[in-house]
Amino acid sequence: MNPTAPDDPPQVSVVIPTFRRPALLRRCLAAVLAQHLEPGGFEVVVVDDGHEDAVRALVDEIAQARDAQPTLRYLRPARGRGPAVARNCGWRAAHGEIVAFTDDDTVPQPGWLAEGVAALRAHADWSGLCGCISVPRAHAGRPTDHERMTIGLESAEFATANAFVRRAALIRVDGFDERFTRAWREDSDLQFRLMQQVGPVGRSERAVVLHPVRAERWGISLKQQRNTFFDALLFKKHPRLYRTSIRRVPPWNYYLMVGLALAAPLLLWAGSAAAATTAAAILVLLWLQFAWQRLRHTTRAPAHVAEMLVTSALIPFLSVYWRLRGAIAFRVPFL
């Protein structure tokens with residue numbers, strides 16, 4: 001339930017989920033609190049998904065230092081974990097008629113809030129909108145594979161790093177589906193339900209947030225394969241939209257590589273050495289082709305090339321594992 005609203009509620013509530021990244025949160029809050037919108041026109045709700053005292057202390061410090069509008073509040077979810085839980089906690093406690101979502105690793109530009117609110121008010125039929133996500137280039141050369149993945153946010157249809165949604169629309173669809181316990185596909189699910197149950201989801205290129213690339217450990221692409229577990233849930237809920245907006249066909253090359261890796265030793269054991277050699281040769285060709293696809297538009301630095309070769313050999317197996325595990329968990333025929 002929404003707590004008792006103030007006598008003069010704000011136009012918009014900014015909800016920022018955070019997980020144990022106080023330095024990034026400080027940077028984000030500095031940008032949000034400097035928005036070109038009258039201070040009383042918005043409030044900021046920080047939801048601490050990591051339940052970390054350092055984050056509470058940071059928010060209290062900033063709130064006390066300002067001692068003025070906009071209101072800055074700190075919340076912790078009473079139950080559950082994950083970005084969907086945190087965002088639900090935030091918007092349900094919000095007072096604004098519009099809820100603006102962003103993440104703790106973004107840097108909203110000065111006119112972000114004003115432009116997002118203006119665009120949503122100019123289109124009464126829109127249930128929400130996605131703003132512009134700009135990824136600054138850290139260098140002039142080719143990006144790494146991880147940087148290229150982050151740059152992909154610039155073409156996202158709807159991402160909660162920069163989204164404005166009417167609070168009434170969130171109430172109607174009951175917010176985010178908390179079964180999405182990782183930061184993956186929960187925003188697409190919300191978008192699809194808003195489109196189906198409330199009204200169109202628009203776009204504003206003038207409501208801009210920067211999304212700098214975070215430094216990640218070697219092999220981050222392997223860890224990211226776990227995200228595909230939730231593709232199965234999104235497919236179960238929205239099979240047609242998943243195929244038209246997310247992935248038109250299953251990653252058959254992954255399944256083929258896994259099949260060949262299993263077939264080669266079985267064929268050798270069965271005495272078909274030639275067939276086993278052929279299967280292994282095709283597997284190697286598919287592996288090198290996959291690695292080359294990832295390297296075509298990325299840096300050729302030796303360490304990065306080595307990372308692409310190693311991770312390209314492992315990604316198909318991890319991806320298939322998590323996809324099938326999701327299909328079993330959510331009881332859906334998903335490949």
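This report covers the overall build of one predicted protein model and the packing of two of its helices.

## Overall build

The protein chain holds 13 helices and 8 strands. Along the principal axes, its C-alpha atoms fill a box of roughly 80 × 40 × 35 Å.

Long-range pairs dominate the contact list. Take the contacts between residues at least 6 apart in sequence: 80% of them join residues at least 24 apart.

## Burial and surface

The protein chain has 335 residues, and 50% of them are buried. The exposed area of the chain is about 16,100 Å². Carbon and sulfur atoms supply 59% of that area.

## Geometry of H11 and H12

Helix H11 spans residues 252-269, and helix H12 spans residues 273-295. Their axes lie 8 Å apart. The packing angle is about 155 degrees. Angles over 145 degrees count as roughly antiparallel, so H11 and H12 are roughly antiparallel to each other. The crossing of H11 past H12 is left-handed.

## Residues at the H11–H12 contact

From H11, the contact takes in Tyr254, Leu256, Met257, Leu260, Ala261, Ala264, Leu267 and Leu268. From H12, the partners are Ala273, Ala275, Ala276, Ala279, Ala280, Ile282, Leu283, Leu286, Trp287 and Phe290.

What is the split of these residues into nonpolar, polar and charged? The contact of H11 with H12 has 18 nonpolar residues, no polar ones and no charged ones. Alanines appear on both sides, including Ala261 in H11 and Ala276 in H12. Aromatic residues do too, among them Tyr254 in H11 and Trp287 in H12.

Terms used. Residues numbered from 1 in each chain as written. Predicted model: local features only at pLDDT ≥ 70, side-chain atom pairs only at ≥ 80, totals over all residues. Heavy atoms only, no water. Axes fitted to C-alpha atoms, helices over the stretch in contact; angles between N-to-C directions. Helix = DSSP H or I, 4+ residues; strand = E, 2+ residues; numbered from the N terminus. Parallel < 35°, antiparallel > 145°, perpendicular 65-115°, else oblique. Left-handed = near helix turned anticlockwise from the far one by under 90°. Contact = heavy atoms within 4.5 Å. Nonpolar A, V, L, I, M, F, W, Y, C, P; charged D, E, K, R; others polar. Buried < 20%, exposed > 50% of the residue type's maximum accessible area, 1.4 Å probe, protein only. Areas by Shrake-Rupley, 256 points an atom, 1.4 Å probe, with all protein chains shown as cover.
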